[in-house]
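User: Got a minute to walk through this one with me? I'd like to go helix by helix, then look at the charged pairs.

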Amino acid sequence: MNDVDQALCAYAEKLTRAPSEMGEPDVARLRAVGLDDVAIHDATQIIGFFNYINRVADALGVEPERFVPPWGEG
């Protein structure tokens with residue numbers, strides 16, 4: 001995994017697990033690996049959307065689609 005991927009994964013994990021702890025240092029780390037503000041904005045929107053939709057699905061008891069293979073098996 002390259003530096004950008006590692007930084008994005010760390011950002012996504014923190015935004016998912018501890019959103020109230022996010023701050024300028026988190027954005028600065030993404031800038032330090034070469035992401036511009038548009039890329040950071042887009043990543044944040046995508047991460048936030050997946051967090052939202054997963055919570056909605058969990059709250060409503062949506063079952064995983066059976067025709068989709070588990071990650072890494074398809």
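**Helix α3 and its surroundings**

Analyst: Sure. The buried residues of α3 are Ile40, Ala43, Ile47 and Asn51. Keep in mind that this is a predicted model.

User: What covers the buried residues of α3?

Analyst: The cover includes α1 (3–17) and α2 (24–32).

User: How far apart are the end C-alpha atoms of α3, and what should the helix span?

Analyst: The ends are 34 Å apart, C-alpha to C-alpha. With 24 residues (37–60) at 1.5 Å a residue, α3 should span 34 Å, so the two values agree.

User: What goes on at the start of α3?

Analyst: Asp36 has a side-chain oxygen that comes to within 3.3 Å of the backbone nitrogen of Val38.

User: And which residue follows α3?

Analyst: That's Gly61, and its phi is positive, near 70 degrees.

User: Back to Asn51. Is it buried or exposed?

Analyst: Buried, because its relative accessible area is 14%, and the cut-off for buried is under 20%. Asn51 sits in helix α3.

User: What does the Asn51 side chain make a polar contact with?

Analyst: With the side chain of Thr16, at 3.1 Å. If you skip neighbours within four places in sequence, Asn51 is in contact with Leu15 and Thr16.

User: Now the surface. Which residues form a nonpolar patch there?

Analyst: Ile46, Phe49, Phe50, Tyr52 and Ile53 do. Together they have about 520 Å² of accessible area. One of them, Ile46, lies in helix α3.

User: OK, switching to charges. How many salt bridges does the structure hold?

Analyst: Five. One is between Asp26 and Lys14, where the closest N and O atoms are 3.0 Å apart. Asp26 is in helix α2 and Lys14 in helix α1, so this pair ties together parts that are twelve residues apart in sequence.

User: Why does Asp26 count as buried?

Analyst: Because its relative accessibility is 7%. Lys14, its partner in that salt bridge, is partly exposed, with a relative accessible area of 26%.

User: What else does the Asp26 side chain meet in a salt bridge?

Analyst: The side chain of Arg29, at 2.7 Å from N to O. Asp26 and Arg29 are three residues apart in helix α2, so about one helical turn separates them.

User: Remind me of the general rule on spacing in a helix?

Analyst: An α-helix has 3.6 residues a turn, so residues three or four places apart point the same way.

User: And is Arg29 buried or partly exposed?

Analyst: Partly exposed, because its relative accessibility is 48%.

User: Which residues is Asp26 in contact with, leaving aside its neighbours within four places in sequence?

Analyst: Tyr11, Lys14 and Glu21.

User: Pick another salt bridge for me.

Analyst: Asp37 and Arg31 meet through their side chains in a salt bridge, 2.9 Å from N to O. Asp37 is partly exposed, with a relative accessible area of 47%. Arg31 is partly exposed too, at 39%.

User: Which residues do salt bridges with shared partners join into one network?

Analyst: Lys14, Asp26 and Arg29.

User: Last topic, the loop between α1 and α2. What can you tell me about Met22, which has its place there?

Analyst: Met22 is partly exposed, with a relative accessible area of 21%. Not counting residues up to four places away in sequence, Met22 touches Tyr11, Lys14 and Leu15.

User: And how far is Met22 from Ala39, in sequence and in space?

Analyst: They are 17 residues apart in sequence, and their C-alpha atoms are 17 Å apart in space.

User: Some names keep coming back. Where have I met Lys14 already?

Analyst: Lys14 forms a salt bridge with Asp26, and Met22 touches Lys14 as well. Tyr11 is another repeat: Asp26 is in contact with Tyr11, and Met22 touches Tyr11. Leu15 also turns up twice, in contact with Asn51 and touched by Met22.

How values were computed. Residues are numbered from 1 along each chain as its sequence is written. This is a predicted model: local features need pLDDT of at least 70, side-chain atom pairs count only at pLDDT 80 or more; totals for chains, interfaces and linings use all residues. Side-chain values use heavy atoms; hydrogens and water are left out. Helices (H or I, at least four residues) and strands (E, at least two) are DSSP runs, numbered from the N terminus. The expected span of a helix is 1.5 Å times one less than its number of residues. Buried means under 20% relative accessible area, exposed over 50%, partly exposed in between (1.4 Å probe, protein chains only). Contact means heavy atoms within 4.5 Å. A polar contact is a pair of N or O atoms within 3.5 Å; within protein, one must be able to donate a hydrogen and the other to accept it, and residues adjacent in sequence count only if both atoms are side-chain atoms. Patches are made of residues with over 30% relative accessible area and no salt bridge: like charges are joined within 9 Å, nonpolar side chains (Val, Leu, Ile, Met, Phe, Trp, Tyr) within 5 Å. Accessible areas come from the Shrake-Rupley method with a 1.4 Å probe; for residues, only the protein chains shown count as cover. A salt bridge is a side-chain nitrogen of Lys or Arg within 4 Å of a carboxyl oxygen of Asp or Glu.
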